[in-house]
Every structure is written in structure tokens, then in C-alpha cells.
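Here are a few exercises to work through with the model open. Try each one yourself before reading the solution.

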Amino acid sequence: MSDQPRRPHKTGKPYRRPQKDPVRILAFEALRAVDERDAYANLVLPPLLRKAREKGGFEARDAALATELVYGTLRRQGTYDAIIAECVDRPLREVDPPVLDVLSLGAHQLLGTRIPTHAAVSASVELARVVLGDGRAKFVNAVLRKIAQDDLDGWIAKVAPPYEDDPEDHLAVVHSHPRWVVSALWDSLGGGRAGIERLLEADNERPEVTLVARPGRSTAEELLREESAVAGRWSPYAVRLSEGGEPGAVDAVREGRAGVQDEGSQLVALALANVPVEGRDEKWLDGCAGPGGKAALLAALAAERGAVLLASEKQPHRAGLVAKALAGNPGPYQVIAADGTRPPWQPRSFDRVLMDVPCTGLGALRRRPEARWRRRPEDLEGFGPLQRGLLSTALDSVRVGGVVGYATCSPHLAETRAVVEDVLKQWPSAELVDARPLFPGVPELGEGPDVQLWPHVHGTDAMYMAVIRMTG
């Protein structure tokens with residue numbers, strides 16, 4: 001085809017083939033997977049990047065740009081949607097999703113990066129020509145030229161309602177969160193404007209990669225020898241990789257002696273392991289163990305004390321991930337696929353029980369920014385009975401004098417304190433333990449007895465934990 005004459009446009013200008021930009025095409029493919037298949041970017045992006053590297057010519061800076069385009073676009077989607085809506089001649093729901101993805105990628109380059117305006121527009125139009133065709137590329141060009149007429153602050157002043165008129169809607173547009181999520185986080189956080197703004201801003205920051213050194217198999221000192229590694233803030237087993245460090249390049253991670261695990265998740269496992277129990281301390285249970293991060297840390301800590309961990313996970317494929325995470329543990333352990341609400345073990349079997357229950361995941365919006373757009377308030381109705389059932393199972397599974405840790409990666413009060421309070425009404429022989437001393441050195445843990453961690457305060461996911469002792 002290359003020796004055929006270029007067909008002229010109606011203007012008489014020769015047709016020019018669109019220039020394929022592998023970075024932006026990859027970013028577009030990732031956004032389409034997130035939208036079409038409800039995929040998560042942190043699962044979709046790595047294989048796309050790996051495939052691009054294997055083809056050759058795709059360098060580290062290309063991977064960094066593609067990652068920024070994907071995550072930046074997803075984090076600021078609500079803000080960009082409001083801006084794009086001001087620049088199109090139809091309701092946003094009538095814009096084809098692939099076109100909207102290209103527009104959002106272009107908006108992020110214009111308003112959220114240092115890419116020069118002309119480069120951001122031209123690269124986005126070229127992407128549109130490749131993935132959408134020339135006709136819709138003209139539409140993309142027209143919209144992005146309107147967006148380019150102002151900066152992010154200027155656009156926010158135009159599209160966000162004044163704070164004084166509608167505080168929640170103002171924050172929702174400015175910080176790119178659904179209004180109901182803003183309201184729920186504000187209720188859980190309490191206080192005035194400053195705290196909620198700091199939290200919403202933290203949700204939009206790129207989190208550092210945090211590693212965990214699994215006791216008996218690795219040490220924080222070993223991990224700190226890696227380039228760009230710095231010590232964790234609170235967990236003695238945590239090491240952070242700054243400057244976009246790649247965990248797959250760390251020997252201990254490849255060998256399973258260390259893993260990737262948020263520091264808040266580590267602190268929950270450590271808290272359960274460190275709460276005093278009366279009498280024997282031999283049998284531990286992780287009742288919702290998938291995908292295995294907390295289970296691997298708990299199993300290693302149990303092994304140091306001569307205890308055994310049973311890791312239970314309902315979904316067989318996730319139970320497989322748990323088994324992979326625990327492989328090579330220095331002591332005995334067992335992994336099973338079982339429904340935590342209908343457990344195969346006998347009541348009063350365990351000395352320590354962790355129930356890290358399924359939830360909305362509103363505490364991990366830094367890592368999974370797309371989750372904020374997928375969740376709905378009605379999701380809470382589905383999780384509530386399951387969370388209460390799992391906590392009841394945990395209380396039924398622990399012996400007198402033993403302890404239960406109820407944990408969730410959500411700060412929503414309907415998934416945290418409301419669950420604990422409701423279940424404890426049915427268990428007069430169970431009492432809350434002050435969990436704050438189990439997080440040594442960690443500041444601003446509130447009035448207790450439960451603990452809520454925060455991204456903007458502790459640099460962790462918004463993990464919640466209540467510790468309960470069975471007294472009779």
C-alpha cells in the first residue's frame with residue numbers, strides 16, 4: 001500500500017497517516033479495559049507495560065508517562081468530566097465512552113501535567129485519529145482547544161459550585177470524588193473543612209510502593225539495601241520504595257521472602273499478633289485471607305512463637321493466591337477454601353482470629369482510584385449482612401480469653417463502628433479492647449477503643465480495626 005498515491009482531502013491537501021504513539025495508545029487501552037471490563041488499573045497496566053517492553057523501544061520514561069496518564073486520568077475523572085461537559089454540545093452521557101476516554105486523557109495532559117499545550121492537543125488528536133478515526137478526531141480537537149483556553153484552577157472556578165452554597169458538591173468537583181463518598185468520609189472524619197480537604201487531596205496523590213519483610217525469611221535491613229528504599233514510618237517490617245521503585249526488581253520480592261503490602265495492612269496484622277491473650281497461644285485464624293498479604297505476615301509471626309495459622313478464603317482462586325504468599329513460611333500453616341459464614345472448624349478453636357472483611361474499599365482510593373466511580377451507596381446494603389455474619393463467626397471461633405480483630409479497608413461508619421456495635425449487642429460475653437496501644441508510635445489514633453488510620457495523617461490506606469476479647 002505504501003506506493004499508492006496519498007488520497008487528497010476535500011481541501012486538496014494530501015492525506016497524512018496518523019502517527020502512532022505507543023505510550024498514549026497503551027494508556028487508552030488501559031482506560032478502555034477499566035471502563036469495559038470493570039478491570040482495575042493496577043492489574044491491567046503491568047501486563048500492558050511488560051508487553052510493550054518486550055516489543056522493544058519502550059523505555060522506563062515511557063512506562064512512567066503511561067502510568068501517570070492512566071492513574072492521573074482516573075483520579076481526576078470527576079473534575080475532568082465536569083470540565084468536558086462545559087465544552088461539548090451534548091450531555092456527557094451521549095458522548096461515546098472511547099471518545100470520552102481520549103478527551104479525558106487530553107484534559108489530564110493539558111490540566112494535570114507539564115506537557116506543553118500544543119503537544120498535549122496534537123498528541124491527543126493523533127491518538128483520536130488512530131483509535132477513533134478522522135471524523136471524531138475533529139471533535140476531539142475542537143473540545144481540547146476549548147479546554148486549553150484556561151488552566152485547572154480557572155476551570156474549577158467555572159464548574160464547581162461555591163463552597164458556601166454547597167460544600168459537599170464543591171469538594172466533589174474540586175477533588176474528584178462522588179458526592180456521596182465526600183459525605184461519608186466527612187462523617188467518619190468529623191471536624192471542619194481542613195481535615196476533609198486534606199483527606200481528599202491525599203486520595204489523589206500517587207502512593208509510594210511499600211514492601212513488607214516477612215519475618216524469618218527477610219529483614220527490613222535487607223530491603224533497605226535496594227536503591228531508593230527508605231524505612232517505613234510505623235511498621236518494623238515496612239520499607240518504602242520512593243521515586244517509583246519497581247518491586248519486581250527486588251530479589252526478596254521475586255523469591256516470595258518479601259511482598260508488597262501497605263503499611264496500614266501490616267499494622268493491623270501486627271496489632272492482632274501483639275494483643276495479650278490469656279492462657280495458650282497456639283492456634284491463629286485468618287478468616288478472610290485473600291489475597292494473602294496479612295496471612296503471610298501473621299503466619300511468619302505465628303511461626304516465631306510456635307503457633308500455627310489457618311488461612312481461610314472463600315474463593316478458590318484467591319485461596320490459591322494465599323497459598324502462594326505463604327509458600328516457604330518458616331513454620332507450619334494451612335490454607336483452605338471455605339465460606340467464613342459457614343466455617344468447617346469447630347467453635348472456640350482459636351486463640352487469635354483476624355476478620356478483614358470484604359468492603360467498599362473506600363480506604364484504598366489512592367491505589368484504586370477507579371473504585372470511587374464504581375461504588376454506589378446501595379453497595380453498603382450488600383456488604384452489611386456479610387460483614388456482620390463474618391464478625392459473628394469470628395467471635396464464635398475464638399476461645400474464652402482469646403481475641404478477635406475486626407478489620408476493613410474502609411472508613412465508612414456503616415462498615416466499621418456500626419457493624420461492631422450491632423454484633424456486640426448479641427454477644428454480652430465479648431468486650432472491646434483499647435486497640436490504640438497495639439499501634440506503638442502511631443500518632444493521632446483518636447479516642448478509641450477502635451483505631452482508624454488515614455492517608456493524610458498516617459500515610460497509609462484508611463484501615464479500620466476493632467479488637468474484641470471473649471470473656472465468657
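The exercises below start with the whole chain and then turn to single elements and sites, all in a predicted model.

**Exercise 1. The chain as a whole**

Work out how many helices and strands the protein chain has, and how its radius of gyration compares with the globule rule.

Solution. Start with the secondary structure: the chain has 20 helices and 12 strands. Next, take the radius of gyration, which is 25 Å, close to the 23 Å that the globule rule gives for 472 residues, so the chain is as compact as a globular protein of that length. For the dimensions, the C-alpha trace spans about 90 × 55 × 40 Å along its principal axes. Then look inside: buried residues make up 55% of the 472 residues. Finally, check the contacts with a separation of 6 or more; 72% of them join residues 24 or more positions apart.

**Exercise 2. A pair of helices**

Describe how helix 1 and helix 3 pack, and sort the residues of their contact by type.

Solution. Two numbers are needed to begin with, as packed helices are described by the angle between their axes and the distance between the axes. For helix 1 (residues 22-37) and helix 3 (residues 60-75), the angle is about 35° and the axes are 9 Å apart. The crossing of helix 1 past helix 3 is right-handed. Now list who takes part: helix 1 brings Val-23, Arg-24, Leu-26, Ala-27, Ala-30, Leu-31 and Val-34, while helix 3 brings Asp-62, Leu-65, Ala-66, Leu-69, Val-70, Thr-73 and Leu-74. Sorting these residues gives 11 nonpolar, one polar and two charged.

**Exercise 3. A covered helix**

Find which residues of helix 10 are buried, and what covers them.

Solution. Go along helix 10 (residues 179-189) and count: eight of its 11 residues are buried, so call it mostly covered. The buried ones are Trp-180, Val-181, Val-182, Ser-183, Ala-184, Leu-185, Trp-186 and Ser-188. Their cover includes helix 9 (167-175), helix 11 (193-203) and helix 18 (379-397). Just past the end, Gly-190 follows helix 10 with a positive phi, near 70°.

**Exercise 4. The annotated cysteine**

Place Cys-409 in the fold and decide: buried or exposed?

Solution. The reason to look here comes from UniProt, where an unreviewed entry lists Cys-409 under "active site". Cys-409 sits in the loop between strand 9 (398-408) and helix 19 (417-424). Its relative accessible area is 14%; because the cut-off for buried is under 20%, Cys-409 is buried. Beyond residues up to four places away in sequence, Cys-409 touches Asp-356, Cys-359, Gly-361, Leu-362, Gly-363, Ala-364, Asp-461, Ala-462 and Met-463. One of these, Asp-356, is also covered by the "binding site" annotation in the unreviewed UniProt entry.

**Exercise 5. Two acidic residues**

Where do Glu-313 and Asp-262 lie, and what do they touch?

Solution. Take Glu-313 to begin with; the unreviewed UniProt entry includes it in "binding site". Glu-313 belongs to strand 6 (residues 308-313), and at 7% relative accessibility it counts as buried. Leaving aside neighbours within four places in sequence, Glu-313 contacts Cys-288, Ala-289, Gly-290, Arg-318, Ala-319, Val-322, Ile-336, Ala-337 and Ala-338. Now for Asp-262, which lies in the loop between strand 4 (258-260) and helix 14 (263-274). Asp-262 counts as buried at 9% relative accessibility. Not counting residues up to four places away in sequence, Asp-262 touches Thr-210, Arg-366, Arg-367, Thr-460 and Asp-461.

Conventions: Residues numbered from 1 in each chain as written. Predicted model: local features only at pLDDT ≥ 70, side-chain atom pairs only at ≥ 80, totals over all residues. Heavy atoms only, no water. Axes fitted to C-alpha atoms, helices over the stretch in contact; angles between N-to-C directions. Helix = DSSP H or I, 4+ residues; strand = E, 2+ residues; numbered from the N terminus. Left-handed = near helix turned anticlockwise from the far one by under 90°. Contact = heavy atoms within 4.5 Å. Nonpolar A, V, L, I, M, F, W, Y, C, P; charged D, E, K, R; others polar. UniProt positions renumbered as here; feature names shortened; annotations may be inferred. Buried < 20%, exposed > 50% of the residue type's maximum accessible area, 1.4 Å probe, protein only. Rg over C-alpha atoms; globule rule 2.2 N^0.38 Å.
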